Amino acid sequence: MAPSDPLKTLEDIVRDAAEIGTRWGRKRDELSLDEKSVGQFASNADLEIEHAIRTALTEAFPGQAIIGEELGGELREHQSGWAIDPIDGTSNFVLGLPIWGISVGFIDKGVSTIGAISLPDLGLLLSAETGGGLRLNGSPATTVRAHKSVKLIALGENDFEPGPVTDNRAQSFRDQGFAVVRYRCAVFSLVMSALGRLGGYVEQGCGLWDIAAADIICREAGMDVTTASIAPGRYAVDARWPTDTSD
(Lines give C-alpha, C1' and ligand atoms only; values in the text may rest on other atoms or scores of the structure.)
Protein backbone atom coordinates (compact mmCIF):
# COMPACT_ATOMS: atom_id res chain seq x y z
CA MET A 1 0.00 0.00 0.00
CA ALA A 2 1.42 3.37 -1.03
CA PRO A 3 2.00 6.03 1.64
CA SER A 4 -0.72 8.66 2.09
CA ASP A 5 1.86 11.42 1.49
CA PRO A 6 4.48 10.09 -0.95
CA LEU A 7 6.46 13.32 -1.06
CA LYS A 8 6.87 13.54 2.72
CA THR A 9 7.84 9.87 2.77
CA LEU A 10 10.47 10.54 0.11
CA GLU A 11 11.77 13.58 2.00
CA ASP A 12 12.20 11.42 5.11
CA ILE A 13 14.06 8.76 3.13
CA VAL A 14 16.46 11.30 1.65
CA ARG A 15 16.99 12.97 5.05
CA ASP A 16 18.00 9.63 6.53
CA ALA A 17 20.36 9.05 3.61
CA ALA A 18 21.87 12.50 4.15
CA GLU A 19 22.66 11.58 7.76
CA ILE A 20 24.65 8.58 6.52
CA GLY A 21 26.58 10.82 4.15
CA THR A 22 27.27 13.34 6.90
CA ARG A 23 28.62 10.59 9.17
CA TRP A 24 30.96 9.45 6.41
CA GLY A 25 32.02 13.05 5.93
CA ARG A 26 33.39 13.05 9.46
CA LYS A 27 35.58 10.01 8.77
CA ARG A 28 36.81 10.54 5.24
CA ASP A 29 40.07 8.77 6.08
CA GLU A 30 38.06 5.51 6.16
CA LEU A 31 36.69 5.91 2.64
CA SER A 32 37.74 3.37 0.03
CA LEU A 33 37.55 4.37 -3.63
CA ASP A 34 36.91 2.62 -6.90
CA GLU A 35 37.79 4.61 -10.03
CA LYS A 36 35.05 3.56 -12.46
CA SER A 37 36.50 5.66 -15.28
CA VAL A 38 38.92 8.55 -15.48
CA GLY A 39 37.84 11.04 -12.82
CA GLN A 40 34.68 9.07 -11.93
CA PHE A 41 34.73 7.47 -8.48
CA ALA A 42 32.53 5.38 -6.22
CA SER A 43 33.17 4.97 -2.51
CA ASN A 44 31.93 2.74 0.27
CA ALA A 45 29.82 5.72 1.36
CA ASP A 46 28.05 5.69 -2.03
CA LEU A 47 27.29 2.01 -1.63
CA GLU A 48 25.97 2.29 1.94
CA ILE A 49 23.73 5.22 1.03
CA GLU A 50 22.30 3.50 -2.03
CA HIS A 51 21.64 0.29 -0.06
CA ALA A 52 19.78 2.31 2.59
CA ILE A 53 17.68 4.20 0.04
CA ARG A 54 16.79 1.03 -1.86
CA THR A 55 15.68 -0.69 1.35
CA ALA A 56 13.56 2.29 2.39
CA LEU A 57 11.96 2.67 -1.04
CA THR A 58 11.15 -1.03 -1.22
CA GLU A 59 9.43 -0.86 2.17
CA ALA A 60 7.51 2.34 1.41
CA PHE A 61 6.71 1.68 -2.26
CA PRO A 62 6.67 -2.11 -2.67
CA GLY A 63 6.86 -3.57 -6.15
CA GLN A 64 8.26 -0.50 -7.89
CA ALA A 65 11.37 -0.72 -10.05
CA ILE A 66 14.61 0.85 -8.85
CA ILE A 67 17.75 1.87 -10.72
CA GLY A 68 20.83 3.28 -9.03
CA GLU A 69 24.18 4.59 -10.15
CA GLU A 70 26.18 2.08 -8.14
CA LEU A 71 23.97 -1.00 -7.77
CA GLY A 72 22.34 -1.00 -11.19
CA GLY A 73 18.86 -1.92 -12.33
CA GLU A 74 16.97 -0.95 -15.45
CA LEU A 75 14.27 1.52 -16.43
CA ARG A 76 13.28 1.23 -20.05
CA GLU A 77 11.81 4.16 -21.93
CA HIS A 78 8.18 3.43 -21.10
CA GLN A 79 8.69 1.89 -17.66
CA SER A 80 8.14 3.59 -14.30
CA GLY A 81 10.36 3.49 -11.25
CA TRP A 82 12.86 5.18 -8.97
CA ALA A 83 16.30 6.46 -9.93
CA ILE A 84 18.92 6.96 -7.20
CA ASP A 85 22.16 8.89 -7.15
CA PRO A 86 23.61 8.11 -3.71
CA ILE A 87 26.39 10.70 -4.00
CA ASP A 88 26.63 12.99 -6.98
CA GLY A 89 29.97 14.73 -6.84
CA THR A 90 31.90 11.91 -5.17
CA SER A 91 35.25 13.54 -5.96
CA ASN A 92 34.10 16.71 -4.19
CA PHE A 93 32.78 14.67 -1.26
CA VAL A 94 36.04 12.76 -0.84
CA LEU A 95 38.06 15.98 -0.90
CA GLY A 96 35.86 17.62 1.73
CA LEU A 97 34.16 20.12 -0.57
CA PRO A 98 30.50 20.81 0.25
CA ILE A 99 29.45 20.51 -3.40
CA TRP A 100 27.82 17.07 -3.41
CA GLY A 101 24.30 15.77 -3.13
CA ILE A 102 21.92 12.84 -2.82
CA SER A 103 19.10 12.53 -5.35
CA VAL A 104 16.05 10.28 -5.59
CA GLY A 105 13.38 10.73 -8.24
CA PHE A 106 10.45 8.82 -9.68
CA ILE A 107 10.07 8.45 -13.43
CA ASP A 108 6.51 7.74 -14.60
CA LYS A 109 6.78 6.35 -18.13
CA GLY A 110 9.55 8.74 -19.04
CA VAL A 111 8.33 11.74 -17.05
CA SER A 112 9.82 12.92 -13.75
CA THR A 113 6.90 13.31 -11.32
CA ILE A 114 8.34 13.38 -7.78
CA GLY A 115 11.81 13.93 -6.44
CA ALA A 116 14.01 15.06 -3.58
CA ILE A 117 17.61 16.24 -3.50
CA SER A 118 19.67 16.82 -0.37
CA LEU A 119 22.83 18.92 -0.17
CA PRO A 120 23.81 17.72 3.32
CA ASP A 121 26.78 19.98 3.96
CA LEU A 122 24.65 23.02 3.10
CA GLY A 123 21.58 21.94 5.09
CA LEU A 124 19.33 22.02 2.03
CA LEU A 125 16.61 19.58 0.97
CA LEU A 126 14.68 20.49 -2.17
CA SER A 127 11.68 18.45 -3.22
CA ALA A 128 8.68 18.59 -5.51
CA GLU A 129 5.85 16.62 -7.04
CA THR A 130 3.78 17.44 -10.09
CA GLY A 131 1.58 20.46 -9.46
CA GLY A 132 2.73 20.92 -5.87
CA GLY A 133 5.32 23.66 -6.27
CA LEU A 134 8.86 23.73 -4.96
CA ARG A 135 9.56 22.69 -1.36
CA LEU A 136 12.60 23.66 0.69
CA ASN A 137 13.38 21.66 3.83
CA GLY A 138 9.84 20.31 3.89
CA SER A 139 8.00 23.63 3.47
CA PRO A 140 6.72 25.56 0.43
CA ALA A 141 9.48 27.62 -1.13
CA THR A 142 9.42 30.80 -3.15
CA THR A 143 12.19 31.19 -5.67
CA VAL A 144 13.51 34.73 -5.89
CA ARG A 145 15.28 35.56 -9.13
CA ALA A 146 17.32 38.47 -7.84
CA HIS A 147 19.94 40.26 -9.94
CA LYS A 148 18.64 38.96 -13.26
CA SER A 149 21.24 41.08 -15.04
CA VAL A 150 23.97 38.79 -13.68
CA LYS A 151 24.22 36.01 -16.26
CA LEU A 152 25.79 32.99 -14.58
CA ILE A 153 25.32 29.45 -15.91
CA ALA A 154 26.72 26.09 -14.83
CA LEU A 155 27.85 23.41 -17.25
CA GLY A 156 28.47 19.72 -16.70
CA GLU A 157 31.27 17.57 -18.00
CA ASN A 158 31.63 13.82 -17.92
CA ASP A 159 33.29 10.83 -19.57
CA PHE A 160 30.74 10.73 -22.39
CA GLU A 161 31.58 13.96 -24.16
CA PRO A 162 35.14 15.00 -25.11
CA GLY A 163 36.58 17.93 -23.19
CA PRO A 164 37.00 20.16 -26.26
CA VAL A 165 33.26 19.88 -26.95
CA THR A 166 32.32 21.07 -23.46
CA ASP A 167 34.97 23.79 -23.74
CA ASN A 168 33.39 24.99 -26.97
CA ARG A 169 29.98 25.03 -25.30
CA ALA A 170 31.39 27.12 -22.47
CA GLN A 171 32.82 29.59 -24.95
CA SER A 172 29.50 29.83 -26.78
CA PHE A 173 27.83 30.87 -23.53
CA ARG A 174 30.59 33.39 -22.83
CA ASP A 175 29.95 34.84 -26.27
CA GLN A 176 26.32 35.35 -25.15
CA GLY A 177 27.46 37.31 -22.09
CA PHE A 178 27.38 34.51 -19.51
CA ALA A 179 29.95 33.75 -16.88
CA VAL A 180 30.45 29.98 -16.79
CA VAL A 181 31.07 27.73 -13.79
CA ARG A 182 31.60 23.96 -13.58
CA TYR A 183 31.06 22.39 -10.17
CA ARG A 184 31.35 18.72 -11.24
CA CYS A 185 28.05 17.96 -9.53
CA ALA A 186 24.86 18.05 -11.56
CA VAL A 187 22.44 17.92 -8.65
CA PHE A 188 24.20 20.78 -6.83
CA SER A 189 24.06 22.91 -9.96
CA LEU A 190 20.41 22.07 -10.60
CA VAL A 191 19.43 22.81 -6.98
CA MET A 192 21.22 26.15 -7.12
CA SER A 193 19.39 26.88 -10.37
CA ALA A 194 16.00 25.98 -8.87
CA LEU A 195 16.75 28.33 -5.97
CA GLY A 196 17.49 31.15 -8.42
CA ARG A 197 21.19 31.32 -7.61
CA LEU A 198 22.21 30.24 -11.12
CA GLY A 199 20.67 31.02 -14.46
CA GLY A 200 20.62 27.36 -15.37
CA TYR A 201 22.51 24.15 -16.02
CA VAL A 202 23.41 22.28 -19.22
CA GLU A 203 25.01 18.85 -19.57
CA GLN A 204 25.24 16.23 -22.29
CA GLY A 205 25.75 12.61 -21.26
CA CYS A 206 24.67 12.45 -17.63
CA GLY A 207 22.88 9.49 -16.04
CA LEU A 208 19.15 9.18 -15.46
CA TRP A 209 19.79 9.35 -11.70
CA ASP A 210 21.34 12.80 -12.15
CA ILE A 211 18.12 14.31 -13.51
CA ALA A 212 15.27 12.11 -12.23
CA ALA A 213 14.59 14.36 -9.23
CA ALA A 214 16.02 17.60 -10.58
CA ASP A 215 13.72 17.64 -13.60
CA ILE A 216 10.51 17.95 -11.57
CA ILE A 217 12.18 20.19 -8.95
CA CYS A 218 13.35 22.70 -11.57
CA ARG A 219 10.02 22.63 -13.43
CA GLU A 220 8.04 23.23 -10.24
CA ALA A 221 10.39 26.11 -9.43
CA GLY A 222 9.33 27.70 -12.74
CA MET A 223 12.28 26.86 -14.98
CA ASP A 224 12.19 25.70 -18.58
CA VAL A 225 13.57 22.15 -18.58
CA THR A 226 14.38 19.85 -21.48
CA THR A 227 15.70 16.34 -20.97
CA ALA A 228 16.33 13.71 -23.62
CA SER A 229 17.93 10.32 -24.06
CA ILE A 230 20.95 10.74 -26.36
CA ALA A 231 22.56 7.28 -26.04
CA PRO A 232 21.91 4.11 -24.07
CA GLY A 233 21.94 5.15 -20.43
CA ARG A 234 22.95 8.72 -21.24
CA TYR A 235 20.84 11.86 -21.10
CA ALA A 236 20.98 15.54 -21.94
CA VAL A 237 19.58 18.19 -19.65
CA ASP A 238 19.03 21.87 -20.34
CA ALA A 239 17.39 23.70 -17.44
CA ARG A 240 17.22 27.49 -17.61
CA TRP A 241 15.16 30.33 -16.30
CA PRO A 242 12.88 31.90 -18.90
CA THR A 243 14.34 34.95 -20.59
CA ASP A 244 12.99 38.10 -18.95
CA THR A 245 13.75 41.40 -20.62
CA SER A 246 11.50 43.47 -18.37
CA ASP A 247 14.32 44.63 -16.07
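What follows is a short walk through the fold, starting with the whole chain and ending inside one sheet.

The model is a predicted one. Its chain holds six helices and 14 strands. The radius of gyration comes out at 17 Å, and the globule rule gives 18 Å for 247 residues, so the chain is as compact as a globular protein of that length. Laid along its principal axes, the C-alpha trace spans about 50 × 40 × 35 Å.

Next comes the question of inside and outside. Of the 247 residues, 48% count as buried. The accessible surface adds up to about 11,400 Å², with 50% of that area belonging to carbon and sulfur atoms. As for charge, the chain carries 22 positive and 35 negative side chains, and the centres of these two sets sit 3 Å apart. Contacts can also be sorted by how far apart the partners are in sequence: taking those between residues at least 6 apart, 61% join residues at least 24 apart.

Now for the strands. Seven of them make up an open sheet with mixed pairing, and the order across it reads β3-β4-β5-β6-β7-β8-β9. At the edges are β3 (65-68) and β9 (139-140), each of which pairs on one side only. Within this sheet, β7 and β8 are next to each other in the order. Strand β7 covers residues 124-129 and strand β8 covers residues 134-136; the two run antiparallel and are joined by three bridges. Zooming in on β8, its residue Leu134 has Ala128 standing opposite.

Methods. Residues numbered from 1 in each chain as written. Predicted model: local features only at pLDDT ≥ 70, side-chain atom pairs only at ≥ 80, totals over all residues. Heavy atoms only, no water. Helix = DSSP H or I, 4+ residues; strand = E, 2+ residues; numbered from the N terminus. Rg over C-alpha atoms; globule rule 2.2 N^0.38 Å. Buried < 20%, exposed > 50% of the residue type's maximum accessible area, 1.4 Å probe, protein only. Contact = heavy atoms within 4.5 Å. Areas by Shrake-Rupley, 256 points an atom, 1.4 Å probe, with all protein chains shown as cover. Lys, Arg positive; Asp, Glu negative; His and termini not counted. Charge placed at Lys NZ, Arg CZ, Asp CG, Glu CD. Pairing = 2+ DSSP bridges.
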